[in-house]
Amino acid sequence: MLNDKTVVLGVTGGVAAYKAADLASKLTQDGVRVKIVMTEAATKFVAPLTFHTLTHTEVITDMFTAPIEYNETHVSLSEAADAVVIAPATANTIAKIAAGMADNMLTGVVLATKTPVIIAPAMNANMWENPITQENTSKLKARGFIIVEPGYGRLASGKMGYGRLADIEVILGTIRQVLGGKGDLGGRRLVVTAGGTQEPVDPVRHIGNRSSGKMGYALAEAVRDRGAGVTLISAPTSLPDPASIEGIHVQTARQMKDAVAKAVSKADALIMAAAGADYQPKSTAKSKIKKDAETMTLELVRTPDILTEVKGDFIRVGFAAESEDVVANARKKLDKKKLDLIVANDITGAGSGFGADTNKVTIIDKKGNVENLPLLTKREVADKILDKVAEILGR
Ligand code: CTP
């Protein structure tokens, strides 16, 4: 998907420069053409050979000994790039860019480029918190630079503080979102739900279901990578939060409904991949229910149906997890819930059950078109669903 993209990765002189090698490697594995530009100080921390070996391209370290294929290198590089990324970015480089300086190849590329520039600062906590650095960073943000904020953690000094390079996955997520920005969902906002809701019985027990959340998380990542903004509203799962995605955590179907209602007010589409509970206990016991009686009856009441009850003008995509008459049952749900699309899956099929990394689905639209897809990874299924959403949005 990123095969035709070029990223200039600028590496500046901080100890976190070694982490940029991992970033360069992952981008290369994603199919991105990575052009490395190192400042002189960066070469003191990591050898250019490391980057050359990982990316198989010339590493540019000097303004005047650049490879011949780049005539006027800083200009041609800045034009070839779909994104310029600086990771790690030192306080010094940030200050130079904020001042409009171009005294080395990297700052020259940044000043000459019209493509998005992503800056991931990494430095000592005092340097990061210094008002001068904060002012420079704010200035760059105001000018449209994308800053991947440094995290809190153990710094090279041994002290804890802010200034640690953001996780590589977070930087990668931002790069993917930027590179997808010109795609068919660029500039859109989607709300995706995931996971299985939990309806509490008492403080230690709940009624739940076997949804792993993998389909919804794959969808949220696919939306991000196609350049759209995404709000992921998740019921409890064991999955880590996807990088560069606004995540909202809820427990019950009712909480999910409230979060969805709020998020869709500025969205183009809602994709309900969550397995929302259909019933909840009529009341939740305040203290733990004791094992006093031989039998126990739990009275359940209906939960709100989120797809039906949340009002607004946006594309509605539902899922139908069925164990029999899959397409017929899914069609009924599409009509009843007034959906634009429904994604039906036979949960009894091999590779399509709960927790699997693959899914075999049928996508049905409101005109009655039925598309049977083969067994695919959940990420591939996500992209197929988004192809349809993009098509409807583009009409
Ligand atoms: N859904 C919802 N609100 C709920 C429960 C489910 O919006 N309280 C959504 C799901 O996210 C899914 C779709 O409705 O996109 C269909 O869910 P499913 O459980 O298959 O269908 P139900 O409508 O609950 O019907 P049934 O359980 O009777 O098959």
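Trainee: Which ligand atom does a polar side-chain atom of Lys333 lie close to, and how far away?

Mentor: In this predicted model, a polar side-chain atom of Lys333 lies 2.7 Å from an oxygen atom of the ligand. That fits a polar contact, a pair of N or O atoms within 3.5 Å; within protein, one must be able to donate a hydrogen and the other to accept it, and residues adjacent in sequence count only if both atoms are side-chain atoms. The backbone takes part too: an N or O atom of Leu307 is 2.9 Å from a ligand oxygen, and one of Pro304 is 3.0 Å from a ligand nitrogen.

Trainee: How much of the ligand does the protein cover?

Mentor: On its own the ligand has 570 Å² of accessible area (Shrake-Rupley method, 1.4 Å probe; for residues, only the protein chains shown count as cover), and the protein covers 77% of that. Around the ligand are 16 residues, each with a heavy atom within 4 Å of it.

Trainee: Now the domains. What area is buried between domain 1 and domain 2?

Mentor: The size of an interface is often given as the accessible area lost when the parts come together. Here about 520 Å² is buried (1.4 Å probe, summed over both parts), with 47% from carbon and sulfur atoms. Gly173, Arg176 and Gln177 supply 78% of the area that domain 1 buries against domain 2. The domains, 6-179 and 185-393, have bounds from an automatic or database assignment.

Trainee: How many salt bridges are there between the domains?

Mentor: Zero, taking a side-chain nitrogen of Lys or Arg within 4 Å of a carboxyl oxygen of Asp or Glu. Three residue pairs are in polar contact, both at pLDDT 80 or more.

Trainee: What conventions apply?

Mentor: Local features need pLDDT of at least 70 and side-chain atom pairs 80 or more, while totals for chains, interfaces and linings use all residues. Residues are numbered from 1 along each chain as its sequence is written, and side-chain values use heavy atoms, leaving out hydrogens and water.

Definitions and conventions
Buried area = accessible area lost by both parts, 1.4 Å probe.
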